[in-house]
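Colleague: I have a few minutes before my next job starts. Can you take me through this model?
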Amino acid sequence: MLIRKPSDIKSSEITPERTYLNRRALLQAAGFAGAGTLLSDALAADDAIPAKYQRLAGVRKSPFSTTEAPNKFEEITGYNNFYEFGTGKDDPAAASGRFRPKPWKVKVDGEAEVTGTFDYDSIVKPHVLEERIYRFRCVEAWSMIVPWVGIPLGDVLKRYKPTSKARYVAFETVVRPEEMPGQKYPVLDWPYVEGLTMAEAMHPLTLLVVGVYGVELPNQNGAPLRLMVPWKYGFKSIKSIVRISFTEQQPPTTWNLAAPGEYGFYANVNPKVDHPRWSQASERRVSSGLGSLFAARQPTLPFNGYADQVASLYKGLDLVRNF
Ligand code: MTE
């Protein structure tokens with residue numbers, strides 16, 4: 001997402017991701033990865049989940065799930081944006097092994113009656129976990145289908161009793177350069193920060209995510225707590241959250257600070273408003289198996305396909321100016 005000098009960019013980033021992933025499929029098809037790899041590609045994704053990830057108990061299915069087939073676990077956890085661990089798509093998986101998501105505390109402050117520092121269990125345990133299979137659209141015009149596990153964010157926020165002055169909710173990612181090697185470089189202003197309007201934060205589709213594919217969230221996907229706002233570009237879905245603040249003023253957001261002409265506060269998926277450096281009219285589904293040989297671009301839908309549920313939040317707002 002960041003504009004960098006060619007010498008800063010790794011070859012895995014220059015190669016369009018489809019070609020990059022297709023290359024693996026081609027190697028497999030040619031027999032280089034062995035017959036077993038091809039076979040496991042065709043098996044249920046459950047088989048591909050490493051045993052080190054703890055299975056989450058009591059997860060209930062959600063009517064908000066799409067019926068589209070989810071991406072594989074290895075795709076969701078191997079192709080990431082998490083600049084705290086590096087700017088390459090494979091950096092987060094490779095460089096997040098030292099990150100310790102337990103124990104975890106979140107500071108809740110600002111315009112709310114209940115404020116303070118709360119540990120992970122006190123935030124998550126009072127709620128029933130839901131599996132929500134969501135469409136996920138990155139601003140870089142790739143997409144995935146992901147079976148997240150989480151809790152409606154609004155149910156969590158209500159417990160802190162926001163006051164009538166709370167118009168926005170701001171979020172902050174942890175800063176731990178010793179565990180997050182990317183934070184040793186000023187590629188972004190650390191900590192990564194994001195924000196939503198109160199109405200967006202309380203919307204039933206907005207999820208506080210704790211897992212994926214029925215297991216706890218891998219480090220590269222934002223362990224132990226991240227946001228998922230399915231009708232917005234992926235950069236709104238901030239990872240490894242350590243602070244939630246209720247505010248009266250619109251909070252600053254990391255990508256808007258870095259490039260205000262490219263990344264707005266709203267960031268609603270909108271095929272009619274192009275990013276200055278690429279079209280948003282269509283997207284490529286990330287794919288790694290033989291299927292990727294045939295994967296075509298598909299049209300991007302307004303609000304990423306969630307218009308019926310969320311378009312009313314923006315009545316009267318000029319979505320071209322408020323991108
Ligand atoms: N959160 C933090 N703290 N740092 C990041 O670099 N990247 C964002 C978002 N949240 C990012 C972040 C972007 S650009 C995207 S597309 C999604 O995380 C990627 O989520 P995923 O890697 O789980 O697919």
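Modeller: What follows covers the cavities, the ligand, the open pocket and some backbone points. Bear in mind that this is a predicted model.

Colleague: Cavities to begin with. How many are there of 30 Å³ or more?
Modeller: The structure has two cavities at or above that volume. The largest cavity holds about 330 Å³ of space. Its lining is made up of 24 residues, and those closest to the centre are Asn81, Phe136, Arg226, Gly234 and Lys239.

Colleague: Which element gives the largest share of that lining?
Modeller: Strand E5, residues 142–152, with four residues in the lining of the largest cavity.

Colleague: And how does the lining of the largest cavity divide by class?
Modeller: There are 15 nonpolar residues, six polar and three charged.

Colleague: Now the ligand. Where does the ligand sit?
Modeller: In the largest cavity.

Colleague: Which residues come nearest to the ligand?
Modeller: Asn80, Tyr83, Glu84, Ser237 and Lys239, out of 18 residues around the ligand. Lys239 is also among the residues closest to the centre of the largest cavity.

Colleague: What is the make-up of that shell by class?
Modeller: The shell around the ligand has nine nonpolar, six polar and three charged residues.

Colleague: I'd like contacts I can check against a docking pose. Which side chain has an N or O atom 2.8 Å from a nitrogen atom of the ligand?
Modeller: That is Glu84. On the oxygen side, a ligand oxygen atom lies 2.8 Å from a side-chain N or O atom of Asn80. A ligand oxygen atom is also 2.9 Å from an N or O atom in the side chain of Arg226.

Colleague: How much of the ligand's area does the protein bury?
Modeller: The protein buries 99% of the 530 Å² that the ligand exposes when taken alone.

Colleague: Fine. Switching to open space: what is the volume of the largest pocket?
Modeller: About 830 Å³. The largest pocket has 34 lining residues, and Gln54, Pro101, Lys102, Glu216 and Leu217 lie nearest its centre.

Colleague: Which elements give two or more residues to that lining?
Modeller: Helix H4 (73–76) and helix H6 (120–124). H6 gives the most, with three residues.

Colleague: How many charged residues are in the lining of the largest pocket?
Modeller: Nine, alongside 18 nonpolar and seven polar.

Colleague: Back to Lys102. What kind of peptide bond joins Lys102 and Pro103?
Modeller: A cis one, with omega about -10°. Pro103 is in the loop between helix H5 (91–95) and strand E2 (105–110). The bond from Trp190 to Pro191 is cis too, with omega near 0°. Pro191 lies in the loop that runs between strand E6 (168–173) and strand E7 (193–197).

Colleague: Why bother listing those?
Modeller: Because most peptide bonds are trans.

Colleague: Anything on phi? What value does Tyr213 have?
Modeller: Tyr213 is not a glycine, yet has a positive phi of about 55°. Most residues other than glycine have a negative phi. Tyr213 is in the loop between strand E8 (207–212) and strand E9 (215–216).

Colleague: Good. I'll start with the ligand site, then, and look at Asn80, Glu84 and Arg226.

Note on methods:
Residues numbered from 1 in each chain as written. Predicted model: local features only at pLDDT ≥ 70, side-chain atom pairs only at ≥ 80, totals over all residues. Heavy atoms only, no water. 1 Å grid on protein atoms, 1.4 Å probe; cavity = no way out; pocket = protein on both sides within 12 Å on 5 of 7 lines; lining within 4 Å. Points joined across faces, edges and corners; volume = space filled by probe spheres on them. Nonpolar A, V, L, I, M, F, W, Y, C, P; charged D, E, K, R; others polar. Near = heavy atom within 4 Å. Polar contact = N/O pair within 3.5 Å; in protein donor to acceptor, adjacent residues only side chain to side chain. Areas by Shrake-Rupley, 256 points an atom, 1.4 Å probe, with all protein chains shown as cover. Sits in = over half its atoms within 2 Å of the grid points.
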